[in-house]
Every structure is written in C-alpha cells, then in structure tokens.
Amino acid sequence: QKENWWPAPLPRRRRRHVWDSTRSAAGQSAEPSLSVDNSSVTVNAPITLVIAAWNQLDKTLECLETVAALAYPASRTILVDNGSEPPLAPAITARFPAVEVVRLPHNLGFAGGYNAGIRQALEGNAAALLLLNNDTLIAQDALSHLAADLDVAPNVGLVSAKIYYVD
C-alpha cells in the first residue's frame with residue numbers, strides 16, 4: 001500500500017489556495033521557520049501591490065487598468081521598472097499618477113526587481129503585499145477575497161488567488 005504523502009485537499013467551498021506556515025508538506029504540524037503575525041490585516045487593511053516590469057509597456061498598462069478598477073477600498077501600487085529601455089515611468093505616471101514608480105538602473109532579474117519593490121513597500125509600513133506580474137489582469141474582487149482569507153486566520157502568512165489564462 002502506497003503511503004499518502006500529498007496533503008488532504010481543501011474543502012470544496014474554498015475558492016482560493018491558502019498556505020499555512022505551520023503545516024509541512026505531509027500535512028503534519030511543523031515548527032514554522034518564521035513568525036507570522038498578520039493581526040494588523042483586516043478586511044479593509046491597506047494592501048500594497050508590487051508589480052515588476054521590464055519593457056512590455058502595453059502589457060503593463062493593461063495590468064494597471066485592472067488594478068485601477070479594483071473594488072478594494074485601500075490599496076497602494078508600486079511599479080518597479082526593472083531597467084526598461086525606454087523607461088516606463090513617463091507613460092505610467094501620465095495615465096496612473098497614483099502609482100509609485102521605482103526605476104532601477106538596469107535589470108536585476110525577477111527576484112531583484114521584486115525585492116526593490118518589497119523594500120519600498122515595507123519602508124511605507126505595508127501591512128500586506130500582493131506581488132503581481134505585469135502581464136496579469138486582476139479581477140475586481142480579488143483583493144477583497146485575499147484580505148478576507150487573511151482576516152479569518154491570524155496564523156496564515158500567505159494567500160494566493162487562483163490563476164486563469166486569458167484566451
């Protein structure tokens with residue numbers, strides 16, 4: 001008989017994936033590697049969106065259109081221009097003046113770009129972060145659902161939305 005190493009599926013009523021930092025891959029309690037405290041996150045807590053982009057102005061503008069249409073009342077958006085040529089800032093700030101643009105002098109790669117944005121967000125006392133690719137279109141209610149999941153369980157350190165591919 002094969003040992004069941006895969007964790008039990010989430011109840012069907014849940015529509016989003018939730019990762020609990022106190023569970024191991026086998027579904028057994030494990031010592032968390034870092035302390036999680038999301039007690040400052042409530043359903044209307046500010047969420048900072050961090051978007052990293054390298055070139056791809058059209059896709060980035062489409063992404064920001066969906067971000068601007070979010071129904072969530074409290075959010076902040078940081079766009080990291082990861083060394084794009086020409087720089088994205090003039091086009092971004094012209095259409096989305098509320099978006100904070102962090103311009104990197106050259107492409108620092110995926111992790112380097114997001115780390116710069118995360119650093120900016122944490123310096124602004126961000127309570128929660130959403131890392132979003134610049135080629136993503138986000139649903140209007142996405143932040144509301146993610147914030148609600150964080151609000152329900154104070155020991156949850158990370159939530160993620162279901163990803164669909166646009167035809």
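**Group meeting: a parallel sheet, its helices and its salt bridges**

Okay, let's start with a helix: α1, residues 57-68, lies across β2, β3 and β5, and it runs at about 170° to β2. Before I go on, keep in mind that this is a predicted model. On the helix side there's also α3, residues 109-123, which packs on the sheet and touches β2, β3, β4 and β5. The direction of α3 makes about 140° with that of β3.

So what are these helices sitting on? An open sheet of four strands, in the order β4-β3-β2-β5, with parallel pairing. If you want the edges, look at β4 (100-104) and β5 (128-133), since each of those pairs on one side only. As for the twist, neighbouring strands here are turned by 20° against each other on average, ignoring direction.

Let's zoom in on one pair in that sheet. β2 covers residues 47-53 and β3 covers residues 75-82, and the two pair in the parallel sense over seven bridges. If you'd like a marker to find your way, take I51: its bridge partner in β3 is L79.

Now, salt bridges. How many are there? The count comes to four, and I'll walk you through some of them.

Start with E100 and R76, whose side chains meet in a salt bridge at 2.5 Å, N to O. E100 is in strand β4 and R76 is in strand β3, so we're looking at a link between distant parts of the chain, 24 residues apart. Are these two buried or exposed? Somewhere in between: E100 is partly exposed, with a relative accessible area of 25%, and R76 counts as partly exposed too, at 22% relative accessibility.

Next up is R103. Its side chain meets that of D81 in a salt bridge, 3.2 Å from N to O. Because R103 lies in strand β4 and D81 in strand β3, this pair ties together parts that are 22 residues apart in sequence. R103 itself is partly exposed, with a relative accessible area of 34%. D81, on the other hand, is buried, with a relative accessible area of 0%.

R103 isn't done yet, though. The side chains of R103 and E85 also meet in a salt bridge, again given as 3.2 Å, N to O. Where's E85? In the loop between β3 and α2 (89-95), 18 residues from R103 in β4, which makes this another link between distant parts of the chain. E85 counts as exposed, at 58% relative accessibility. Put the pieces together and you have D81, E85 and R103 linked in a network of salt bridges.

Last stop: N134. You'll find N134 in the loop between β5 and α4 (142-152). Buried or exposed, this asparagine? N134 counts as buried because its relative accessibility is 7%, and the cut-off for buried is under 20%.

What does the N134 side chain meet? A polar contact of 2.9 Å joins it to the side chain of T60, and one of 3.2 Å joins it to the side chain of Q56. Leaving aside neighbours within four places in sequence, N134 is in contact with I51, A52, A53, N55, Q56, K59, T60 and C63. I51 should ring a bell: that's the β2 residue we used as a marker, the one with L79 as its bridge partner in β3. And T60 brings us back to where we came in, to helix α1 at residues 57-68.

That's it from me. Happy to rotate the model if anyone wants another look.

Notes. Residues numbered from 1 in each chain as written. Predicted model: local features only at pLDDT ≥ 70, side-chain atom pairs only at ≥ 80, totals over all residues. Heavy atoms only, no water. Pairing = 2+ DSSP bridges. Axes fitted to C-alpha atoms, helices over the stretch in contact; angles between N-to-C directions. Contact = heavy atoms within 4.5 Å. Buried < 20%, exposed > 50% of the residue type's maximum accessible area, 1.4 Å probe, protein only. Polar contact = N/O pair within 3.5 Å; in protein donor to acceptor, adjacent residues only side chain to side chain.
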